[in-house]
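User: Please take a close look at one part of this model for me. I would like the sheet and how its strands are arranged, then what surrounds it.

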Amino acid sequence: MGIRDSFGWALGAAAAGAIAVASPALAEDSVTFASWGGSLQEAQRKALMNPAEEALGITIREDTTNGIADVRAQVLANAVKWDITEQGSNTCVILKSEGRIEPLDYSVIDTTGVNPAVVDSHWIGVLYYSTVIGWNTDKFGDDGPQTWADFWDVEKFPGARAMYAKPYYNLEAALMADGVPMDQVYDVLSTDEGLDRAFAKLEEIKPHVAVWWRSGAQSAQLIKDGEVDMISIWNGRISSAIDDGASAALTFNQGVMDFDCLVVPKGAPNKQLAMKVINEFLKADNQANLPQYITYGPTNEAAFDTGKISPEVADAVNSSPQNAKNQLVLKSDFYIGKIDELQERFDEMIQE
Amino acid sequence: MSETQLSLPISVRGITKSYGRFKALDDVSLEVASGEFITLLGPSGSGKTTLLMVLAGFSRPDCGSVRFGDEEVIRMPPHKRGVGMVFQNYALFPHMNVFNNVAYPLKLRGVGSADIAQRVERALNLVQLGAFMERRVDQLSGGQRQRVALARAIVFEPRILLMDEPLSALDKKLREQMQIEIKHLHEQLGMTTVYVTHDQREALTMSDRVAVINDGRFMQLDAPKQLYERPRSQFVADFIGESSFLPVEVERNEARLNGTPLRLAEQPSAGGHQLLVVRPEKLEVLTNGSGGDLNCLTGTVKELVYQGESFLFYVSLDGGAEIAVRSPSRREALAVVPERGQPIRLGLHPEDTILVPAQS
Amino acid sequence: MTAIPRETPVPVSAGTNADGLAEDARRERWQMFGLCSPALLLVGLVVFIPVGWLFWLSFFDAQGALTFENYERMWGSRSYIRTFQTTFEISFIVTGACVLMGYPLAYMLSQLPQRAAGICMIFVILPFWTSLLVRTYAWLVLLQRQGLINTWMIDLGIIDEPLRLVHNFTGTVIGMVHILLPFLVLPLFAAMKSIDRDYLKAASNLGASPTRAFWQVFFPLSLPGLFAGVVLVFVLCLGFYVTPALLGGGKTIMWAMRIETSVNLYANWGAASALGVVLLIVTLGLLYVLNKAFRLDKIMAGPR
């Protein structure tokens, strides 16, 4: 979720710096894992960390990350204190290209059952998350917008909208709203005309977007407080909001699926042990634990065969076969090398 | 400034001003003649400044009347009263230079700029600061600020000028020099002036009349000489000049000090217990046989102090009281100064034999 | 002189001990300087070195090669220019609103009796005890579509549709004004308190109505405090991050938010550093111009 939760990076970076100075190299029988905090990390503690600690007889220390800047700061300062950190797929690709992460040791990490699309020499997917359409059930009942075309249709679905303040997911959604079939989205987006088309479509919805949200917490608050009537939002966030009593619903239809991956920052203190822990995190049996606590899906597809995931749970999980088939898988490669230009163009568009 | 500047009489009647249960002014009345220089003299907290603030309009009394000429001004806001005022700390505007400070009241009155320049220059020349027009206030000495404040207060030719201890921040020499200057200025311009001070010498030096004020009430209102020579209360006699007080019994128009009758220039005003006011410089050291027509006091010299222009010695009277005696250090007076421990006879002229009622 | 001194003093010439006394004076100056040195060292360490490093970094690209690309990026982009405009626009409006609200407030406080002023002052300072984030979120609760203000106004029948009070320029300005108001009020209040009331009495005595006395005497004398507050608020505005990020709805992008974006977007610190350098230079430049225009140094020194 490296691209997701950048809000508060400064605090995180400062904290990382302080910890890097303060803590000496940790003992061999422990590793430090930095995830995104909040309900996700709580779920990961129970689903992944506890079983891994038990299996390896080690201690997993926790920290939280605010994204790519943290990893860069640690590696640049030569003060790496995280052995493993979870980052968004784009971040992982960028970190690899910048040479800031270690290659993974696949003699230790068993990839059986893991979708080959999320396995790379330097990173490996650990969970799927989706950007989905959510709506306020007080306003639309169960008949909220089911497609991006609906989301764009201000006559049929009047009301305030909220979208992510970055180009990711939005460009894809815009093209789908403009009638591009799901499997052709990246083909169209890769051309200049296609990109212009996506931005033009975003211009169209812009006057109706009350908030371009910048953090996951903010997006959940917007739907919970009824500040907007519909929203493009990460499925875990809206599920948690609904569990907390928010009058909201979501559809996985035309959702944009992306994944978080595990990386080992260059110069991590306990590299060898980190590989073993990653191996544990990816075991089908452990991966099957995650949907019990949070609706993010396992990357090890064998998890669905363990019998741990009930049909009801599978219905709520974004990467379950029945949900995954209706979604677009985000293509990180598309963004590599041009995210700065895209972000600038996007910012120019949304600025008042 | 025209030669014949208008001035107005001030009539204060029945002014009372209280702060909670404390009465700063207690039914005060005062008539100031047109062109008169009157000084309000009193210790701090006596109410003199409060009365001045009532005249200026900064303090709202509980009741009473203030008239400038024929006009009742008691409910008139300060900016409409048209009186000039010099503040204790001068209150010169720090963001304006000397010229602009003095020009300010004229600008407020819509005077044309050529006229302003002329009048400001005249006012500053009058206080001998013609060369300082472009100076900033913080570049002036205390005495110069005082003069600027004075110029600012008179430049618009007010018919009444109020001054609130204007010289208290200056050193002694400068203060005495300014006293004379202000007096001359008043003679030249002739506006009715009410001056507040706690310095009795300043009050006596400058004023046509002095109002001694204490506890919110006038104790005595008289010309300086009258005030000093004929105090009508122990407070006034004590506050103005140095005095010793000796108890006197008055019976059937005759006053007796320790049983000895006193020669008096005036009939005593009342009977019973009174006090004899003895000013140190009014006593004469008597040699054998002299002073037949004077009231005579006898005693012993206790202490002798040489003070340059005079000798001061303390005498323990035969009746038991102790008084101070001042004798000038002139050669012939020096001859009769006794030594410590010697008996002494002192004479007091009947004209200087003043009785005041004993305070209850 | 007829008296003969019992001891003959040592004859002294004009320059006796001059060198020694000068030496003492010099040593005293160095000792004074020595006392300041921990503070100077600290300022050097925490201000000049990091800022210098920031400046240095801004001239390098991801590969560590010398480059101006971090600066060139800004000139070319409409988005950066827009951000720059927004930042200044917000800073001007917030500062202006703070002056309009803070001046009467400070004036009222300065005229109140000591005790009452002290109590009111606590209310002014109270927000400082709460975190910036909490206060910003509190505004969200008040201003949002189903927030208190809109709910009340709809219930009272004043409006039919909720007003867009937050997640835009308006919300950002409201939030920032609230947070920055004390920074204007405090120096202004101090300046007003130090104005001798006799100045106003004098003005009034010389014939100025209360209105004229205020504008011609009190107001000019309060300007040092006002300028101190204005400069403080304005400079703080330029670097504001949390409030616009939370209340701006993503549409109001200020300079500090752009720095945050750059840190995440680019592989090296250069991009973000360049933004910081530009903000620093523009702020210093602005202070210089204001100083020249209003003689701030004189005003700041205050009346003596």
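The answer below starts with the sheet and then moves outward.

Analyst: A caution first: this is a predicted model.

Start with the sheet in chain B. It is open and has six strands. Their order is S6-S7-S8-S3-S9-S10, and the pairing is mixed. Which strands stand at the edges? They are S6 (84-86) and S10 (217-222) of chain B. Each has a single partner strand, so one side of each is left without a neighbour in the sheet. Neighbouring strands are turned against each other by 15 degrees on average, with direction ignored.

Now look at one pairing inside that order. Strand S3 of chain B covers residues 37-41, and strand S9 of chain B covers residues 209-214. The two run parallel, and four bridges join them. For a place to look on screen, find B:Ile38. It stands opposite B:Arg209 in S9(B).

A helix also packs on this sheet. It is H4 of chain B, residues 142-154. H4(B) touches S6 as well as strand S7 (160-164) of chain B. So what angle does H4 make with S6(B)? The direction of the helix makes about 170 degrees with that of the strand. S6(B) is thus one of the edge strands and also one that H4(B) touches.

Next, the chain as a whole. Chain B is divided into two domains. Domain 1 runs over 10-229, and domain 2 over 242-357. The C-alpha centres of these two domains of chain B lie 40 Å apart.

Chain B also touches chain C. The contact takes 18 residues from chain B and 17 residues from chain C. Which element gives the most to the chain B side? Helix H2 of chain B (residues 98-108) does, with three residues. By class, the chain B side has 12 nonpolar, three polar and three charged residues.

Last, chain A, for the overall picture. Chain A holds 18 helices and 10 strands. Its radius of gyration is 20 Å, close to the 20 Å that the globule rule gives for 352 residues, so chain A is as compact as a globular protein of that length. Along its principal axes, the C-alpha trace of chain A spans about 60 × 45 × 35 Å. Buried residues make up 54% of the 352 residues in chain A. Among contacts in chain A with a separation of 6 or more, 75% come from residues 24 or more positions apart.

Technical notes: Residues numbered from 1 in each chain as written. Chains lettered and ligands numbered in written order. Predicted model: local features only at pLDDT ≥ 70, side-chain atom pairs only at ≥ 80, totals over all residues. Pairing = 2+ DSSP bridges. Axes fitted to C-alpha atoms, helices over the stretch in contact; angles between N-to-C directions. Contact = placed C-beta atoms within 7 Å. Domains from an automatic or database assignment. Nonpolar A, V, L, I, M, F, W, Y, C, P; charged D, E, K, R; others polar. Rg over C-alpha atoms; globule rule 2.2 N^0.38 Å. Buried ≥ 20, exposed ≤ 12 C-beta atoms within 10 Å, placed from the backbone.
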